[in-house]
Structure formats: C-alpha cells, structure tokens
Amino acid sequence: PLASFTISLRTVDNITVMIKLRPGVSQGCQIRVKSLPRSDLKIKPGENVTFTFTCKTPEEYFIMEIQKNIDCVSGPCPFGDVHLYPPGLPRLNRTFIWDVKASTKAGLELKFATPWLRQIEPGGTCPDFIRYNINSCIDTATVNIGTFCRGGSVSRVKLQGGVIMALHLPWNSSPTTSGFNIANRSSIKRLCIIESTLKEESSVTLMSPNYPHGFPEDELMTWQFVVPSNMRASVFFHNYSLSNCERKEERVEYYIPGSVSNPEVFKLSDRQPANIAGSFNLSLQGCDQDAQNPGILRLLFQVIVQHPQIDENVTHLVDLSREWDMTVTIHSEGWPNWSPFMSEPICLICKDPRTCDHALTLVSGAIYKISFLCKDLARLRITAEKNISCVDFWRCQRKIYALSVPKAITQLPIRLHKFIWKLSAPELINVEIMSPTLKLQQHVPEQRCNTSYSYSIISATPERDLNVGIFCPGGSIEKIQMRNNVTISLKTFGKGFFNESNHQDLKMSFVQHIKDECTFTVSPDPKARLYLQTPNWPYGLPPYVSISWYITVPSKQVARLGFSKDRMGIACETGRAYVNIQEQKFGAEETVRREDELLPEPLDMYHNFWVNISNCKPVDKMHLTLPFWVTFAEKKIDLAVIIAVVSGAGLLVAIGLTVCCVRKKKKKSQNPMVGVYNTNVNTQMPGKQGLFKKGRKNNESHVYAVIDDAMVYGHLLKESNGSVTPEVDVYRPFDGPIGSLPPSPPPLSFRKDIKLSPSVEEPPLLTETDHDAYTFAHQKTGESENNGDANEKNNGDASTSLLENKEQDGLEE
C-alpha cells in the first residue's frame with residue numbers, strides 16, 4: 001500500500017503548506033484526499049489533512065513550499081534559532097520561506113551557524129543542493145541580497161526593514177535545523193551589511209545586491225571583513241558596470257583601521273587597496289540615476305587573505321629607462337588563462353605596499369621598485385614583448401639589433417616564461433636574423449632541442465602565418481632571411497636560462513627584398529649529421545611558397561645530401577612543386593625533381609650548394625613536409641689522377657732535358673742542315689673557307705681543350721626520365737648568377753605574365769656570324785691579329801725548327 005501522510009498546522013504558527021506539480025512535468029501522479037484525486041494541495045493554518053500519492057515516486061512530480069509569516073512590527077520578534085516546522089513532511093523537494101515584517105527604522109540581523117555561507121551568482125547550484133536566498137523588503141520594494149551555499153565566510157547579514165529568507169532542500173536531505181537565527185534588530189541606515197569572517201588564508205567572492213541586475217538607486221551598503229591582525233587582505237574588482245548618474249557619483253569607500261585618511265574613496269575603475277593589515281570595511285555608494293536611461297550599477301569582487309611574507313618588505317629595482325617600445329608583465333603561472341576565483345591565495349605583485357595585483361605590467365622608459373606577496377616565487381613568471389620596426393631602409397640597413405633579454409629582467413628572482421620580439425618593416429624590406437657564434441639548431445623529430453631555452457619563429461602576412469620552426473642554440477644555421485614581418489618568441493625550460501642568459505648572441509638586421517619566402521644559411525659541423533625540415537611542420541608548406549638552404553662545404557670535405565622520403569608525397573591541383581639542388585661552381589648541373597617524380601638518391605657535393613623546395617597548390621588536404629639530411633666525409637684522392645700527374649711531371653722533365661741537350665749539340669755543329677719548305681703539300685684541314693675572319697685558321701685558339709658531355713647532351717639527360725612534358729607551369733633551369741641567389745624557380749604568383757615555352761630549347765648552330773666568344777679563344781700577349789703574313793711566318797719558322805731538330809736527331813743516331 002502507498003504511504004499516508006498527515007499534516008497538522010496550528011493557528012498560532014502562521015504556517016501554510018502548498019504541494020504542487022513541478023514546473024514542466026506532465027501529470028503522471030496525483031494527490032488523493034478523502035478518495036478524491038487532485039493535482040495540488042494547500043493546507044492553511046489550523047487545518048489537519050491526511051493524504052496519499054497515487055504513485056510510488058511522488059518526488060519526481062511534486063514540490064512543496066512551507067511559508068511562515070513573522071510579524072516583528074506589531075508584536076514581539078521571535079529571536080533565536082529558526083526551526084524547520086512542521087515535522088513529518090513527505091520526501092519532496094521543499095522550500096522553507098520565512099517572511100519577516102519589520103520597520104525600516106529597526107533592521108533585522110540574521111546570524112548563520114557554521115560552516116556559514118558562500119555567495120554564488122543567482123541561478124547557480126551548490127554541491128549539496130542546499131541553497132539559501134535572502135531578500136530585503138523596504139516598503140513595497142524587494143531587493144535580492146544574494147544567493148548562498150553552505151560552507152563559506154558570510155557569518156551575518158543585517159538588513160534594513162523586513163526580510164524574506166528562503167531555504168531550498170532536495171527531497172533526499174533531512175537537515176534538522178534551518179542553520180540561522182534572528183539575532184536582534186537595530187537601525188543601520190543603509191540597505192544591508194554583510195559580514196565576512198576570514199580566520200585563515202582564503203579567498204572569498206561577493207556580489208552587490210540584485211547582481212547581475214542593477215544596484216538600487218542612490219543606495220548604500222557595506223561589507224564588513226573580519227580578518228586577524230596578523231593577516232593581510234587584498235581586494236580585486238573582477239566585474240563591474242556603472243549607471244548614468246544625474247547627481248552625486250558612484251564610488252567605493254574603505255574604512256581601514258590605522259589609515260590617516262578614513263574613509264579612503266576609490267572609483268570602481270581604480271586599482272583597489274591591497275596588503276591591508278587586519279579587519280576593514282568596504283562600502284558601495286550609488287547615485288541619482290537618469291530617469292530616461294538609468295544604466296546598471298553592479299559589482300563582483302574578490303578578497304584574498306594570506307599571511308604576511310618574509311620578503312614582503314624587500315624591493316627589487318627594475319630599470320627600463322633605456323629600453324624602447326617594450327612591456328614586461330609579471331604574473332602567476334598559467335596567466336592569463338587561469339581563473340581569478342581561487343579558493344587558495346595566489347602570488348601578488350606590488351608596485352607599492354598598497355598597490356598589488358595578480359599581474360603587473362611595466363613599460364619601457366621608467367624605473368620601478370616592486371615587491372612580492374608570495375610564499376613561493378617559483379609560481380611567478382615573466383612575459384615580455386619588444387617591438388622593432390623599420391620605416392626607412394636607408395636608416396636601418398646598417399643597424400644590427402641584439403635580440404637578447406635585458407639584464408633588468410634576468411636579474412629578478414623570477415623565471416622568464418617568454419620574451420617576444422615583433423619585427424616589422426614595410427614591403428620590400430625583409431628581416432635577417434643571425435647567430436654568429438652559437439648558431440641555431442632546428443628542432444626536428446630526428447634531432448630535438450635539449451637546451452634551457454628555444455626560439456619559435458613565425459613569418460606573418462595579413463593573409464597567413466608561416467611557422468618557420470623552433471630553434472635552439474648550438475647548431476649549424478648561421479642566419480635566416482625572411483620576407484615578411486617576423487615574430488620571435490624565446491621560451492625557457494627549467495632554471496638553466498638564468499646561467500645561460502649571459503651568452504645570448506641572436507641578432508637581427510633589415511635587408512633588401514629576397515627572392516624566396518625564407519632562406520637559410522647553414523655551416524654544418526663536419527663531424528655530425530645535420531637534419532633539416534621544411535617550415536610549418538607538421539602542417540606543411542603553404543601553397544606557392546619557396547624555401548632555400550645555402551649549405552657550405554669545407555674545402556677538404558665532401559657532403560652527402562639525402563632525403564628521408566622517396567617522394568614529396570603530394571599531388572598538385574595548380575602548378576608544380578619542385579626540389580632543386582645545385583652546387584656553387586661554374587657549369588654545375590642542376591638536379592631537379594617534380595612532385596610526381598622520385599626524389600634523387602643521396603648526392604655527393606664537393607662545393608657549397610643550394611637546396612630549394614617550392615610548393616604548388618596541393619589537392620585536397622595534402623601537405624608538403626620534406627625532411628632531409630647532410631653528412632660529411634674526407635675527400636678521397638683518386639690514384640689514377642696521382643699517376644697521371646706524376647707521369648705528366650716526368651714527361652715535362654724529360655722534354656726539358658732533351659731540349660737542353662739539343663741546344664748544346666746545335667751550338668757545337670759547324671755545318672747545320674737546311675730545311676726545305678715544300679709548297680705543294682696542303683697542311684690545312686679541309687673545311688669551309690672564310691669561317692674565321694681574323695686569321696685564326698693558322699693558330700690553335702679555336703680548338704676546344706675540354707668538351708663536357710653534359711654541355712652538349714644535357715637536354716637529353718634531363719629528358720631521360722621519360723616524363724611527359726607538362727602543358728603548363730614549365731620549369732626553367734636556373735640561369736642566374738652563382739652564389740648569392742638560390743636556384744629556385746619563381747613562384748606562380750610571380751610568373752603570371754610569362755608566356756609558356758617548351759621545357760628545353762636546343763642550342764643554336766654555329767654560323768659565320770657567331771662571335772669569337774663561342775670559340776674559347778686564348779690570345780697570347782703580343783700576338784699579331786691583323787694579317788696572315790705574320791701567321792705564315794710563324795708557321796714557316798716552326799717548320800724550319802722542326803726539320804732542324806729532326807736532322808740533329810739523325811746525326812745523333
């Protein structure tokens with residue numbers, strides 16, 4: 001059988017009980033009184049009612065309100081504990097309401113039992129779902145003083161006029177007392193006084209009445225904070241707004257024992273007092289508002305109480321007088337993402353003994369004396385930012401800026417979290433960063449940074465950001481040139497940076513426009529393997545971005561360049577992606593691979609060389625990420641070359657000895673032989689007459705010393721891979737100057753006006769009108785160029801000399 005309940009109310013108690021359906025719940029259960037079903041039940045003072053529910057879980061369908069009216073105006077006020085009455089109520093979500101009538105000249109004081117109350121925003125929930133709501137009644141107006149949970153610092157609330165006190169209890173809780181009493185009544189001449197008792201280190205958050213709606217017009221209220229004399233309290237306003245005043249001014253007033261200027265008046269926008277010793281009062285004063293546009297006055301604030309610190313009287317000098325365009329922020333760990341509403345005290349930074357905050361920002365051009373209210377300074381961090389810009393290149397071009405953390409920061413007993421340099425310049429002026437002594441190492445999966453600090457470098461345009469990478473000291477990268485505005489963020493790890501900060505050597509300068517988005521100059525350590533990675537890892541290069549590396553090779557070393565993947569791993573929607581490799585020497589052949597080709601096998605480089613990677617617009621969500629490596633080995637001397645050199649030297653010595661002997665014998669001969677020139681013998685090669693106009697047919701200036709097969713058949717070698725010549729975006733071999741510029745094709749955005757042409761052009765045939773430069777002429781000093789007679793004479797002398805030598809050889813035989 002279902003349970004039966006009986007509620008008996010005495011007339012003198014002035015209590016009314018109402019049972020009704022929960023809002024938003026359909027009628028699946030009813031109340032049965034004398035066999036008659038009904039959806040609600042109201043029991044008035046003096047009535048005795050027995051009832052049952054038609055379901056086994058009435059708490060899912062019904063709620064209960066128990067209201068008691070107390071008259072403190074016409075009769076005596078029942079001071080003392082307020083009881084939960086009547087007993088034996090069904091287990092429903094219930095609300096006890098005490099409506100106490102009182103005169104505005106005799107305020108009521110509500111005193112709460114431990115663990116006291118904690119204020120929350122209206123509509124908030126409590127962990128145990130037990131919630132108090134306090135309203136003040138002045139004449140016909142009702143003001144919501146606040147909503148509270150159990151377990152806080154609010155020990156008393158004193159109100160002007162009457163009060164409506166509500167206690168919300170869940171169906172499964174069974175408290176035996178209300179948790180408060182009516183202490184006394186006395187005139188307070190203000191809306192209310194809220195007492196907050198803080199016995200130990202703690203934090204409390206409070207709100208103005210009617211929050212987040214407007215504080216009543218031209219009202220005054222006070223918060224009274226009871227703090228032990230050996231503790232320190234600090235006040236922080238987190239959320240406030242102001243109304244539109246016609247008369248007077250909205251303000252807060254502090255009464256601080258021992259202050260020489262009580263009350264201390266502050267605007268709500270001012271930095272509020274901190275490091276207050278002992279108890280104090282805080283009052284909020286409204287104004288006469290504009291009737292047409294009153295606005296809203298509201299306030300949410302926090303009070304933090306903590307022990308005085310041992311070093312709170314120790315000041316630290318921060319001299320930023322010689323710095324330009326720099327800000328330094330000292331803050332707690334996790335700032336600015338941490339919530340200020342913390343149950344435990346946090347570190348405070350003070351500009352003076354009474355001006356402290358969770359975070360303090362210092363600006364360049366001034367000198368500061370700061371102190372800390374913090375048990376453990378390891379919980380504090382420093383974040384700084386410095387701007388360097390160039391407007392006129394001719395004024396900036398010779399300046400070198402040191403990107404180092406100032407000593408004013410490193411000397412503080414606080415860990416540097418991040419130092420940011422923002423480098424900006426107009427178009428066509430680019431940024432170059434250098435690390436002359438330490439050099440930089442790129443943080444890549446194969447070679448991670450393991451230092452006390454690192455640099456994150458981002459090159460930015462209004463359209464996109466290019467994350468150049470993370471770098472740390474102790475690598476091989478000497479300098480990086482970037483086309484756009486650059487942000488460099490130094491981030492520290494652990495405490496090692498304090499000792500290493502004296503050895504920073506990162507510098508920057510402004511340079512003229514560079515060809516690629518980013519260019520690295522690398523001087524690898526010959527004894528270690530070098531790993532490099534395309535920027536924006538792991539998200540890949542943005543479309544149409546070109547990156548270059550200039551890698552130096554020591555004179556006695558040979559570099560071996562290899563790629564960690566077989567292919568680029570992308571397919572292009574528009575344009576082509578390329579890898580270009582070229583040594584810095586005259587006539588060096590360029591190694592080129594497209595995105596649809598296999599990357600080259602490891603290559604040996606005997607001279608400084610360029611590596612360029614240019615992206616297209618990949619299809620779908622594909623990204624170009626390409627790692628590569630460089631190793632070094634000693635150059636091997638070819639034995640055949642040594643034999644050839646030694647043989648050549650021996651031959652020259654033999655020829656020299658022979659010439660000497662012949663000359664000596666010639667001097668001893670009394671009747672030298674006479675050589676006869678035969679004019680009938682044709683000594684010239686057959687060919688087209690008149691090809692060389694300057695008499696060069698009789699000298700050897702037109703003879704090639706060396707013919708490189710690659711120069712003649714290079715176009716065939718480049719087509720040997722069998723790939724189909726693309727119809728658009730044809731790659732053009734690098735034909736610029738060697739050394740200062742990388743062998744990179746211009747990005748698509750720079751080639752929109754260039755007409756498409758075949759990928760390979762055959763070299764033109766040599767004609768009669770070709771210039772002498774095509775014949776590799778090496779004219780000797782003093783050699784005649786004007787007539788053929790001189791050449792005839794020279795040839796004749798050579799013939800005579802040759803015959804004479806042959807005759808001498810015959811005599812010797």
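**Entry 1. Confidence and overall make-up**

pLDDT is the predictor's confidence in each residue, on a scale from 0 to 100. I began with this quantity, as the structure is a predicted model. For the protein I found a mean pLDDT of 80, with 77% of the residues at 70 or more. I then looked for stretches of low confidence. One of them covers residues 657–739, where the pLDDT is below 50; beyond near neighbours in sequence, this stretch makes 83 contacts in the model. Another covers residues 746–813, again with a pLDDT below 50, and here the model holds 59 contacts beyond near neighbours in sequence.

Next I noted the general composition. The protein has 813 residues, of which 42% count as buried. Its secondary structure consists of six helices and 54 strands. I computed an accessible surface of about 45100 Å², and carbon and sulfur atoms hold 53% of that surface. Among contacts with a separation of 6 or more, 81% are between residues 24 or more positions apart.

**Entry 2. Strand β12 and its two partners**

I asked how many residues of strand β12 are buried. Strand β12 spans residues 131–138, and seven of its eight residues are buried, so the rest of the structure largely encloses this strand.

I then listed its partners. Strand β13, residues 141–150, pairs with β12 in the antiparallel sense through eight bridges. Strand β15, residues 162–169, also runs antiparallel to β12 and is joined to it by seven bridges. Cys137 served me as a marker for both pairings: it stands opposite Thr142 in β13, and opposite Gly162 in β15. Cys137 has a relative accessibility of 17%, and therefore counts as buried.

I also examined the turn. The hairpin of β12 and β13 has two residues between the strands, and within this hairpin Asp139 takes a positive phi near 55 degrees.

**Entry 3. Disulfides**

I searched the whole structure for disulfides and obtained nine. I recorded three of the pairs in detail, beginning with one that involves strand β13.

Cys126 and Cys149 form a disulfide with their sulfur atoms 1.9 Å apart. Which parts of the chain does the pair tie together? Cys126 lies in the loop between β11 (117–120) and β12, while Cys149 lies in strand β13, so the pair links parts that are 23 residues apart in sequence. The angle about the S-S bond of Cys126 and Cys149 is -85 degrees, and the link is left-handed. Both cysteines of this pair, Cys126 and Cys149, are buried.

Cys350 and Cys356 form a further disulfide, with a sulfur separation of 1.9 Å. Is the disulfide of Cys350 and Cys356 left-handed or right-handed? Its torsion about the S-S bond is about 105 degrees, so I entered it as right-handed. Cys350 and Cys356 are both buried.

Cys390 is joined to Cys396 by a disulfide, S to S 2.2 Å. The torsion about the S-S bond of Cys390 and Cys396 is about 110 degrees, so this disulfide is right-handed. Cys390 counts as buried at 2% relative accessibility, and Cys396 counts as buried at 7%.

I looked up one more cysteine for its accessibility. Cys518 has a relative accessibility of 0% and counts as buried.

**Entry 4. An open sheet of four strands**

In what order do the four strands of the open sheet stand? I read the order as β18-β27-β20-β24, with antiparallel pairing. The edge strands are β18 (202–207) and β24 (276–277), each of which pairs on one side only.

I followed the pairing of β20 and β27 in more detail. Strand β20 covers residues 232–243 and strand β27 covers residues 295–306; the two run antiparallel and are joined by 10 bridges. As one point on this pairing, I noted that Val235 has Val303 in β27 as its bridge partner.

**Entry 5. The surroundings of Val511**

I placed Val511 in strand β43, which spans residues 507–512. Is Val511 buried or exposed? Its relative accessible area is 14%, and Val511 is therefore buried, the cut-off being under 20%.

I then asked which residues Val511 is in contact with, leaving aside its neighbours within four places in sequence. The contacts are Phe393, Leu428, Ile429, Asn430, Val431, Glu432 and Gln481. I also noted Gln397, which is 114 residues from Val511 along the chain; the C-alpha atoms of the two are separated by 6.3 Å.

Methods: Residues are numbered from 1 along each chain as its sequence is written. This is a predicted model: local features need pLDDT of at least 70, side-chain atom pairs count only at pLDDT 80 or more; totals for chains, interfaces and linings use all residues. Side-chain values use heavy atoms; hydrogens and water are left out. Two strands pair if DSSP finds at least two bridges between them. Contact means heavy atoms within 4.5 Å. Buried means under 20% relative accessible area, exposed over 50%, partly exposed in between (1.4 Å probe, protein chains only). A disulfide is a pair of cysteine sulfur atoms within 2.5 Å. Accessible areas come from the Shrake-Rupley method with a 1.4 Å probe; for residues, only the protein chains shown count as cover.
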